[in-house]
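Hi,

Here is the structure I promised to pass on. Have a look at it first, and my notes on what turned up follow below.

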Amino acid sequence: GSGSVAGDPRDWRDVRTISSPSWFADYVLSVGAVDTTGAPLSRSLTGPWVGAAAPGVGVVGLSAQNGDTVNAYPPNRPGEQPVPFAGTSFAAAYVSGVAALVRAKFPGLTARQVINRILRTAHNPPGGVDNQIGYGVVDPVAALTFDVPVGAPVTPGSSARVLSPPEPPPPPDRRATTFALVFAGFVFTAVAVVALTVRSRSNP
């Protein structure tokens, strides 16, 4: 953006790239990525939708093949080096884990209140919030232990409605099948009766 203005501190009016679902920032927690020094990664998409940030490098996961710990993609070709994990995909997974821990410890919180706790306990940038790391780098321990206001159960001004389950489908119409089976049984019986009659007449 070209600089914040009153009423638009995060420069929504200057957005030129739409990130979905990040655009709907009131309903999702969008995550940026930082390096080991806390600086934003250059490959991390910035914008007013960014709510928080988390490590996007030096991330360790579990192999899908054998369950061992891994921290890089396997090489694409023989002789190449493994490619270390890096990017917002790993930062988002990190924050998803924090959200799961918060929900487990505070099961009464709504999704919005879980987001509120994560953002209020993040390590804020100098200005309090920016478009690179949002409200700051997530702190899992603080999110689980700090005393913070619960916050509104839903985003102020948002519209919410209860979704009712769909009506159960009608039972299948088996009339045609039943008719076919009855008719087949009738035909089979008639054929059997005729066959027995013919046989009895041919053998006096």
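A residue counts as buried here when its relative accessible area is under 20%, and as exposed when that area is over 50%, with partly exposed in between. On that footing, 27% of the 204 residues in the protein are buried. Please keep in mind that this is a predicted model.

First, the overall layout. The protein has four helices and six strands, and along the sequence they come in the order β-β-β-β-β-β-α-α-α-α. About 14100 Å² of the protein is exposed, with carbon and sulfur atoms supplying 61% of that surface. If you look at contacts between residues at least 6 apart in sequence, 53% of them join residues at least 24 apart.

How far can you trust it? The mean pLDDT of the protein is 85, and 90% of the residues score at least 70. Helix H3 has the highest confidence, at a mean of 97, while helix H4 (residues 175–202) has the lowest, at 77. As a general caution, predicted coordinates should not be read in detail where pLDDT is low.

Now to the interior. Helix H2 (residues 111–120) is largely enclosed by the rest of the structure, because seven of its ten residues are buried. Those buried residues are Gln-113, Val-114, Ile-115, Asn-116, Arg-117, Ile-118 and Leu-119. They pack against strand S2 (50–55), helix H1 (88–105) and helix H3 (140–145). Strand S2 is mostly covered as well, with five of its six residues buried. S2 runs parallel to S1, and five bridges join the two strands. One example to find on screen is Ser-30, whose bridge partner in S2 is Val-50.

The largest nonpolar core has 17 residues, and the ones that touch the most other members are Val-98, Val-102, Ile-118 and Val-138. Strand S1 (30–34), S2, H1, H2 and H3 each supply at least two residues of this core. In soluble globular proteins, nonpolar side chains do tend to be buried together. Val-102 is a good place to centre your view: leaving aside residues up to four places away in sequence, Val-102 touches Leu-109, Val-114, Arg-117, Ile-118, Ala-143 and Leu-144.

How many salt bridges does the structure hold? There are three:

- Arg-13 and Asp-14 meet through their side chains at 3.8 Å, N to O. Asp-14 is buried, since its relative accessible area is 14%, under the 20% cut-off.
- Glu-80 and Arg-77 meet at 3.3 Å, N to O. Glu-80 is partly exposed, with a relative accessible area of 34%, whereas Arg-77 is exposed, at 53%.
- Arg-175 and Asp-173 have their closest N and O atoms 2.7 Å apart, and both residues are exposed.

One last detail for when you go through the backbone. Ser-20 and Pro-21 are joined by a cis peptide bond, with omega at about 10°. Most peptide bonds are trans. Pro-21 lies in the segment before S1.

Happy to go through any of this together.

Best wishes

Key:
Residues numbered from 1 in each chain as written. Predicted model: local features only at pLDDT ≥ 70, side-chain atom pairs only at ≥ 80, totals over all residues. Heavy atoms only, no water. Salt bridge = Lys/Arg side-chain N within 4 Å of Asp/Glu carboxyl O. Buried < 20%, exposed > 50% of the residue type's maximum accessible area, 1.4 Å probe, protein only. Contact = heavy atoms within 4.5 Å. Areas by Shrake-Rupley, 256 points an atom, 1.4 Å probe, with all protein chains shown as cover. Core = buried A, V, L, I, M, F, W, Y, C linked by side-chain atoms within 4.5 Å. pLDDT = per-residue confidence, 0-100. Pairing = 2+ DSSP bridges.
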